[in-house]
Amino acid sequence: MSSINYVNEELFIEGVSIEAIAGSIETPFYCYSTALMVRRYRDLREALKLLKPTIYYAVKANPNLAVVRTFSHQGAGADVVSVGELRRCLAAGIPANKIVFAGVGKTRSEISEALKEGVFQLNVESEPELIAINEVAESLGLIASVGLRVNPDVDAKTHAKITTGLKENKFGIELDRAPYIFENAARSLENISLKSLSVHIGSQLLDLAPYRIAYRKVAEMTLRLRALGFEIDHLDLGGGLGISYNAEKAPDLNSFSEIVNDIFGDLDCKIGFEPGRYLVGDAGLLVTKVLYIKKGRDKTFIIVDGAMNDLIRPTLYEGYHGVIPVHRGGEIQTKLCDIVGPICESGDYLAQDRVLPELNENDLLAIKSAGAYGAAMSSTYNSRPLVPEVLVNGGEFCLIRRRQTVQESIDLEKIPNWLETD
Ligand SMILES: *Cc1c(COP(=O)(O)O)cnc(C)c1O
């Protein structure tokens, strides 16, 4: 059962029709289903219950306060990659001791704020960063809990731009260097408590085999480090579980949990996961309105009010998103359609070569599976304001981010005094 369904010929998200939302909020806008996000969270927790992991929601997938709080109410922690995300999570009500701070380039001021707030753990990605954390912790008179993010050199078999676990990627520390780093930390980094490894090999993984290979390597390294006398009490196993954008088979949670239980069941470690896309991707729609229909000889261009600045995945990752009419039922068009935005770039499309019913100006379309890395990656290119976001919960909906105004972005700018006369 999905939370996004047609009732008669009208598209609903839970108990609310998209038409009804569009009656009070101008397109384009994002809307999210609470029920679907909560169900995904519970399904994952249920599948992994043997090891009772902490689930750190990877906030970068969708950092809206209301979305973060939805997971917080379920008991989730958060995985953050900037001080901005850290402040958001605190504002949304996630306690600092349930926040993991990851990312390859944390600044000293970010490290300082994270330590002062008392985050659960900083995942470090390089030796110079570990030294910087030690120095900042020393200056604050604190001990920093650190996880070493290792790069297991495993091909996640996903899109090149979201593969992170190969040795040519910028992420993590070569696995074989871990013993040396643990030794060095124990000998000379007095303000570091290093008892954890972390791993994250990429995003939108559909094949579970790379997890098995990477997790085996992490488990072996855990045993090797313990044999050398180091304590390892926590393993952070990353995110990356894929979703079905275009009828691909999404990974089976029970098979995933079998791998996890098999490899980590006897290791006597606290386990954490950092899913992002899996929790929110399918729960979101981008709703957009048809502005014009341009019929060419070979294909039809459906020009809509949403664009690449609102949803960059098709342009950036060749990402596929299903496109469906909000009011269904028309005759199928004979030519394939490109759904394109108003931006002055040939890369400005939301979908290409799709089969769609006949459409008219002002008809609404829903772009599916847009809950992850949609609003989160949007920009104001072409001076298009950031679009609204709506959260649906049963029969209710709430505007959880209003549309930015053009004036707000103009107000950030300044004419220098040498240009003051027209
Ligand atoms: C992006 C990221 C995640 C979440 O990835 P998803 O594919 O959205 O699950 C988890 N951990 C780290 C370190 C990340 O960078």
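**Close-up views of a predicted model**

**View 1. I13 and its partner across the strands.** Let's start with one residue pair: I13 has V16, in β3, as its bridge partner. What you're looking at here is a predicted model, as are the views that follow. The strands involved are β2, which covers residues 10–13, and β3, and they pair in the antiparallel sense over two bridges. Zoom out a little and you get an open sheet of three strands, in the order β1-β2-β3, with antiparallel pairing. β1 (4–7) and β3 (16–17) each have a single partner strand and stand at the edges, so one side of each has no neighbour in the sheet.

**View 2. Strand β19 and the two strands it pairs with.** Here the focus is β19, made up of residues 364–367. Which way do its residues point? L364 and A366 go one way, L365 and I367 go the other, and all of them are buried. β19 pairs with β14 in the antiparallel sense, over four bridges. It also pairs with β16 (residues 323–325), again in the antiparallel sense, this time over three bridges. L365 is a handy residue to look for: T288 stands opposite L365, and L365 is also the bridge partner of P325.

**View 3. K299 in its loop.** Now find K299, which sits in the loop between β14 (284–295) and β15 (300–304). Is K299 buried, partly exposed or exposed? Its relative accessibility is 23%, so it counts as partly exposed; the cut-off for buried is under 20%. What does K299 touch, apart from its neighbours within four places in sequence? It is in contact with K294, K335, L336, D338 and D353. With one of these, D338, K299 makes a polar contact of 2.8 Å between side chains. C337 is worth a look too: K299 and C337 are 38 residues apart in sequence, yet their C-alpha atoms are 5.8 Å apart in space.

**View 4. A nonpolar patch on the surface.** Which residues make up this patch? They are I332, L336 and V355, and together they make a nonpolar surface patch of about 280 Å². You've already met L336 in the previous view, as one of the contacts of K299. I332 belongs to the loop between β16 and β17 (337–340). Its relative accessibility is 54%, and that is why I332 counts as exposed, the cut-off being over 50%.

Note on methods. Residues numbered from 1 in each chain as written. Predicted model: local features only at pLDDT ≥ 70, side-chain atom pairs only at ≥ 80, totals over all residues. Heavy atoms only, no water. Buried < 20%, exposed > 50% of the residue type's maximum accessible area, 1.4 Å probe, protein only. Contact = heavy atoms within 4.5 Å. Polar contact = N/O pair within 3.5 Å; in protein donor to acceptor, adjacent residues only side chain to side chain. Pairing = 2+ DSSP bridges. Patch = residues over 30% accessible without salt bridge, like charges linked within 9 Å, V, L, I, M, F, W, Y side chains within 5 Å. Areas by Shrake-Rupley, 256 points an atom, 1.4 Å probe, with all protein chains shown as cover. Salt bridge = Lys/Arg side-chain N within 4 Å of Asp/Glu carboxyl O.
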